[in-house]
Amino acid sequence: MASFKPTKIQVYPKLGEKVTQDTLYWKNYKAPVQIKEFGAVTHIDFSPVAPHNFAVTAFTRVCWHLFVHIYGPFSQEPVKTFTRFKDTAYSGRFRSDGQLLVAGCEDSVVRLFDVGGKVALRMFRGHTKAVHVTDFTSDRYQILTGSDDYTCRLWDIPNSTELNTYQEHTDYIRCGVTSKLNRDLFITGSYDHTLKLFDARVDRSVMTMDHGQPVESLLLYPSEGLLVSAGGRYVKVWDLLKGGQPLVSLKNHHKTVTSLCLSTNGQRLLSASLDRHVKVYNTTNYKVVHNFDYAASILSLALAPDDESIVVGMTNSILSIKHRKSPEESKEISGQQRRRPSYRVFVKGKNYVPKQDDYLVSKPVKQHLAKYDKQLKKFNVSKALDTALETWTRHRKPEITVAVIKELDRRGTLNNALAGRDEQGLSQLLNFLIGNLVDPRFAPVLVTAAEMILDIYHSVIGQSPVVDRQLLRLQELLEREIDYQQDLLEVLGMLDTMFASTGLECLCNLFFETSDTFPDMTFVSHRLHPARLLV
């Protein structure tokens, strides 16, 4: 008796992942280093001077862990910690020379620190609620702050005095940025959905933009002609040179976008969200060119100078740091040098030639069969089809289900496997047909199965609302495909005419004209006419 032959699963061509320069560039990072903080990491800021340490501000309700940590580029422990806070710290930022750091606090006091010291150099009092926004102006001698008391203020560092107060927002101010080209300009974003551009030389805002959602983060391009805002699921780009005209509205995230940053060359924009993703956009056309996935919702994001590190702060108190691979490490991985020793093991004895007096001892090889093949070997055709229709198989590997149906048809037992099914089993079959019948890879096999189903179950049409709805969907699907075929035949007729009359030049022009009219021509057999599905 011949041995059982497993079902042959046809291998269909698959479209591989498109490898671009962005893919190679943004995948060239090591496995992330994860550091456990005391609370959710709300803000990360890199020092602009070497060795480019970064400040981490974490939110916690534990009163003895109120801090701003400073980490070195490759350290897993803080190299400096500022703990002179009476409540939760917010928005720790470096000055452009890297010597001073400013941070807000839940107790409404703004503190200024010397990076080399421990005690606060200055304490600015005037806000009445938590201060979530801090930044230095371009001249290094003033500080911008924004608070939950709806005000933003300018402070003079040498004299520790308040220079001006602006109260135009009607809700919490949670983000802000100062101009690096003009010390008098700064922009704030609020939960009242607005962005406001202020000029310190006047007592009011000079430009207002409506984001449409509570604003969580702001970013100025290096040229400062464009402004990026994040709030809700949207990332929006504004042209400041045209009076705040909106240029682009991006909706690639599924949850609130919390943080923004630019790559060093300014050609890539990064956005982080509570949906656990970091999206990388091309700033020329604002298409997503890469995506990073993380284990928890992201609250903060920062990119080191020269894109050497990506640092992400999450709600689960984890600080994730990815360092760029060195050229030697990238070369080693691409060359697959670590796999070379195993090659000798696999080829050992392959070229051995037996001698005349050698005895060949054969060892039976155990055959491992899939579940559906085991059922087919026992002639349990219905159970074999049920196994092939399991949820994971029919959604992820439909070619397996089609191969089993084809094998049953070859054996002449497909009719028996399809018969005798209840409403749930029949509904499962029809769902699979609706999803795959018009696929040109599967159509020749599934059309035969669909004909058999109609022949077997035509007597029960009208008894089940579920099955009736699925048959109507199948009918609409086939009618649409037949319309596509008719349109395609018309195009083929026109092409024949052009071949016969005007030649190749007109043919090319016609092709380009019709390519947009019929973008998706798919093949389906004429053997299953929609009239057979009429109830």
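Okay, let's start with a question: in which loop is proline 51 found? It's the one between β2 (40-46) and β3 (54-59). Keep in mind that this is a predicted model, so treat everything I say as computed from that.

Why begin there? Look at the backbone: the peptide bond running from alanine 50 into proline 51 is cis, and omega comes out near 10 degrees.

Staying with backbone angles, there are two arginines to show you. Arginine 140 isn't a glycine, yet its phi is positive, about 75 degrees. You'll find arginine 140 in the loop that connects β10 (131-136) and β11 (142-147). As for accessibility, arginine 140 has a relative accessible area of 35%, so we call it partly exposed.

Then there's arginine 276, also not a glycine, and with a positive phi of about 75 degrees. This one sits in the loop between β23 (268-273) and β24 (277-282). Its relative accessibility is 37%, so arginine 276 counts as partly exposed too.

Right, on to the rings. How many aromatic pairs does a search of the whole structure find? Ten. One of those ten is tyrosine 25 with tryptophan 26: edge-to-face, 5.1 Å from centre to centre, with 85 degrees between the planes. Now, are those two residues buried or exposed? Tyrosine 25 is partly exposed, at 34% relative accessible area. Tryptophan 26, at just 1%, is buried, because the cut-off for buried is under 20%.

Tryptophan 26 has another partner, phenylalanine 292. That pair is edge-to-face as well, with 6.3 Å between the centres and 85 degrees between the planes. What I like here is that the contact links distant parts of the chain: tryptophan 26 belongs to helix α1 (residues 21-26), phenylalanine 292 belongs to strand β25 (residues 288-293), and the two are 266 residues apart. Both tryptophan 26 and phenylalanine 292 are buried.

Put those pairs together and you get a cluster of Tyr25, Trp26 and Phe292.

And tyrosine 25 comes up once more, this time with a charge. The charged end of arginine 324 sits over the ring of tyrosine 25, 4.1 Å from the ring centre. So where else should you look for that kind of arrangement? Go to tyrosine 234: the charged end of lysine 236 sits over that ring, at 5.4 Å from its centre.

That's my tour. If you open the model afterwards, try the cis bond between alanine 50 and proline 51, then the Tyr25, Trp26 and Phe292 cluster.

Technical notes: Residues are numbered from 1 along each chain as its sequence is written. This is a predicted model: local features need pLDDT of at least 70, side-chain atom pairs count only at pLDDT 80 or more; totals for chains, interfaces and linings use all residues. Side-chain values use heavy atoms; hydrogens and water are left out. Helices (H or I, at least four residues) and strands (E, at least two) are DSSP runs, numbered from the N terminus. Buried means under 20% relative accessible area, exposed over 50%, partly exposed in between (1.4 Å probe, protein chains only). Rings of Phe, Tyr and Trp (its six-membered ring) pair if their centres lie within 6.5 Å; planes under 30 degrees apart count as stacked, over 60 as edge-to-face and the rest as tilted. A charge sits over a ring if NZ of Lys or CZ of Arg is within 6 Å of the ring centre and within 35 degrees of the ring normal.
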